[in-house]
Amino acid sequence: MNLSCRNCLCFLLALAIPALAGCRIDSPERDLSKAAIGTDVIEFHYPGSSGRRLAVLATGLLDQAGTNSQDAVIPEVSGSLDCTNFKTDPSGLSVQLSAIDILMSAGRLEANLEVDVSDPVLTLGIFSGEQLVDSCEIHVSIPKQDVMLRIVAGQDNDQRPLIFVDGEPVLSGEPVSTVTDPYCQAYGSQVVETAVSRAVAGAVFQASTLLANALVEALGSTLGLDTAVAGNVARLESADADPGRLHFDFWPGADSNVFSQTGSRVGLAGGFESTRADCVPAAAADFPGSMQVPAEFAEKVPGTGAEYQCAISVSDDFLQQAFSAAWRGGLLCRTAADGELQTIDLADLFPSLLAWGEPGGVRLAMWPGGQPQLAFAPADTDAGESLPRLSLNLPNLGVDLYVNFEGSDMRMLGVGADVNLELAPRIEGTHVFLDLVKTHVGELSIEYSEMLTEAAGSLRASAAEALSRIAGQLVQQLGPLDVPMVAGAVNLLGFKRLEGRTLLYFGP
Amino acid sequence: MRAVAYTISVILGFVAAGCASPAVGVCGGGCPAGTVCDYENNRCVEARPPDCPRDLGRFLSAAVDSSEQIIFSAYAGEYGDLVVGRLLPDGTASCEYVDGTAGSGGKPGSPDMSGDDVGLYSSLDLDVFDRPHVAYFDRTHGKLKYARKSSEGWSVVTVPHPSGENDVYGRACWLRLDSTGMPHIAFWDESSGELEVAGKLSDGRWSLEKVPLDAGRGGWPGSFGGEVGRIVSLVLDSDDREWVAFRDVHDGSLKVAGRQQQSWMVLLVDPGPDVANWLSAALDGDGNMAVAYDDRSTGSLMYAWNEGGVLSRLAVNDGRVADSSGAVRRYPVGQHCSLAFGADGLPGVLYLDAANLDLLYSVADREGGFEAPRVVASEGTTGFFNNLLPGPRALSCSYSRTAKGDLQARIFLTDLDLVAGKRGVP
């Protein structure tokens, strides 16, 4: 699988909104309000040395799309000979990309394409007046051709970045050769072959131009220029009167620095916003988008000095906005109807549960009353962690626990607390796992309890421990998140924290 | 703010706790006064009281006799017995231990605590002579049983079934008597995953029929995995034909099966995916069937009814409660529901508020909907195994804890006329 920075957007969305695991994404809408829009919330960066990698990726996209071969028509060629006229029937040829080399330089990409061209055979007719007097074939041989392109960046009418071929493709290579059937040579083959060669060269140029345009489109896609993702997310099977809805919309920003001496950078603008679900407080507000300062990407992976192929910068505000919108849209709410927590046992924490009988499944309702806050925390390198931790603070979280006894789901405990979760991301192969490494429960209050025999102090301690177990269970339920960009030989090589940003470097 | 609920509570046979100190040592050393030896477990336990046991109310089922007295059956959890009782005008009750007492040795005051664990899912009906008939589940043997009182006393039988000795059938049973006083019992055959209807014939034999269910039985695990809610409810129409509302345990839907001349007609009422873990069926004055049931996938109390062949459904209570911040929380409601039609032809439903463990009552209005729910009882842990009786009155089960921390069920009666916010008498 090819590495493409843009492939990571879906993963980042999933990382930003863990609740997406239980959500549906509807058809896109493009109706983000101005307040929600931020710039450079995510940046894709290819260093100056990554031209070869870009070439591989673009070739893969061309192969995938079937546009690595382009056809053109050799038009009818006609003319006069000494006593006769000649005319060839229109024919076709194909230009097939065989190799590509890309060099990234200041302000432009220089692409050198090696192409194979099919050898057409043309039918030649010799006429006396309107009368066909003879017919034969002309065999055309076209050697490998080189096509040189200069690709530069610009903006479209909507001020979104694009790339295009500056000028025309320049073809070079051995000239076209033609061989006419011997019995037609008496009519003056030199004149015919010259005319045919010119027509064939024009067709090769036409097909090469089409190939160049296809390559530019593939390169733009590889660089992330066609990254436009929008959608809506709502809770699955929500029976709420107003379940809320999260919107997201991202597109390449006008300030993207597509080609520079240090490489290419495409910054995405956009953001998240949501309609308020009825399970969050009426005063819940969206987190606004922000104007980010574009990141400075190093030439080498910081700390290791290794070369990399692609880097991604993710702004903290992107994640914060995503979580806030998810919260406001009700994606962090959970009702008892959402199903049982698997493999969780609370009987050891609350012995009085056993008075009801043998407990069945445990169900959880969760009511996040305050806006979640997301921050990064240092990795514990001694524990082998290689990525910064995510610290998720859930203030004023209401949690209800239901336990099933003899066919009845009954609320046994209701608590309110500020809960802080520290998550350690871990990449294994093509998956990212989130490990819950620390849970802090503060401001805990018991709002409802059927645990009548537990003393108040022990009940609070048990409730805090129960929250930790539940959080662990919920994080575990997220399962591994697929990361398409680390497929194959591509791995995370390192990261760097900047003010308000995290940079991730990927390579072989 | 909750309406104040005025209840007439009948605490059945409550003997003051603490009169016997917990036993120490084994029965070989004798048991303290007021306790007897449970030889099976080699421990001293309190003896069955002379009248109603203290822990009584689970799987409560009730009916009103011709003298307006309430007759009930219930499971005595402490002993695992089937108990049938009568509420007396003075607010007390009298009880009989019908089954589970291991013969005469298990009678009240007897030291023999052993006996079968019977009485779960008890379902009671009265014949024209006000004699109680009860269907119930024998957990010890995994069989359906039927008890009937006559002038000679109680007769108890295991309902015959062609299954093997180790097969389990009879959970979620529901009994109704036809116009000739013959019992009809709907229940699940747990081993095969079949809904069945048993009927006693006039010659004393029993008939047994399987209600045909189309799909899903291939993956049946062979067990419910424990106790379930009231997932079967049986009514008989004016021609004594059975109509069974049931949760299809294979797909979590609510269906109704109606007896035809030679077969059964099965109708899908609510496709689920997880409905009718608790349900209650009743016929309106025109003989149309209605079902109250819980929707576990939304936490709502639902009501479905047939009106001239048209099936309709609505949410009686969706469990939504707004807090001071304006956030709406959903609390599951609808379990332990009991449906009945009032004298005015309007349906009412008693049910559990599972978040607060309160008893709620919702009554239909004349506009096709239901009025806002009323809190009938909120003290302690209450609202279980509800029975909506004429009056209207609510006979329900609540739980409390003993000084030792054991859970204890009790039965209480509420006159719904006295519940604040009450509209006209149904």
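**Chain B and its contact with chain A**

Hi everyone, let's start inside chain B: of its contacts between residues at least 6 apart in sequence, 46% join residues at least 24 apart. Please keep in mind that this is a predicted model.

What is chain B built from, in helices and strands? It has zero helices and 31 strands. Chain B has 426 residues, and 57% of them are buried. Its accessible surface comes to about 17,000 Å², with 50% of that belonging to carbon and sulfur atoms.

Now to the interface. Chain A brings 34 residues to the contact, and chain B brings 32. Together the two chains bury about 2,700 Å², and 47% of that area is on carbon and sulfur atoms. Which residues of chain A lose the most area to chain B? They are A:Trp356, A:Trp367 and A:Glu406, and together they account for 23% of what the chain A side buries.

For those of you who like polar chemistry, there are 14 residue pairs in polar contact between chain A and chain B. The rule also finds four salt bridges across this interface. If you have the structure open, have a look at B:Arg296 and A:Asp409, whose side chains meet in a salt bridge at 2.7 Å, N to O.

Where on chain A does this side come from? The elements giving two or more residues are strands S19 (362–368), S21 (389–405), S22 (408–428) and S23 (431–449) of chain A. S22(A) gives the most, with five residues. By class, the side of chain A that touches chain B has 16 nonpolar, seven polar and 11 charged residues.

Thanks for listening!

How values were computed. Residues are numbered from 1 along each chain as its sequence is written. Chains are lettered from A and ligands numbered from 1 in the order in which they are written. This is a predicted model: local features need pLDDT of at least 70, side-chain atom pairs count only at pLDDT 80 or more; totals for chains, interfaces and linings use all residues. Side-chain values use heavy atoms; hydrogens and water are left out. Helices (H or I, at least four residues) and strands (E, at least two) are DSSP runs, numbered from the N terminus. Buried means under 20% relative accessible area, exposed over 50%, partly exposed in between (1.4 Å probe, protein chains only). Contact means heavy atoms within 4.5 Å. Accessible areas come from the Shrake-Rupley method with a 1.4 Å probe; for residues, only the protein chains shown count as cover. Buried area is the accessible area (1.4 Å probe) that two parts lose on being put together, summed over both. A polar contact is a pair of N or O atoms within 3.5 Å; within protein, one must be able to donate a hydrogen and the other to accept it, and residues adjacent in sequence count only if both atoms are side-chain atoms. Ala, Val, Leu, Ile, Met, Phe, Trp, Tyr, Cys and Pro count as nonpolar, Asp, Glu, Lys and Arg as charged, and the others, Gly among them, as polar.
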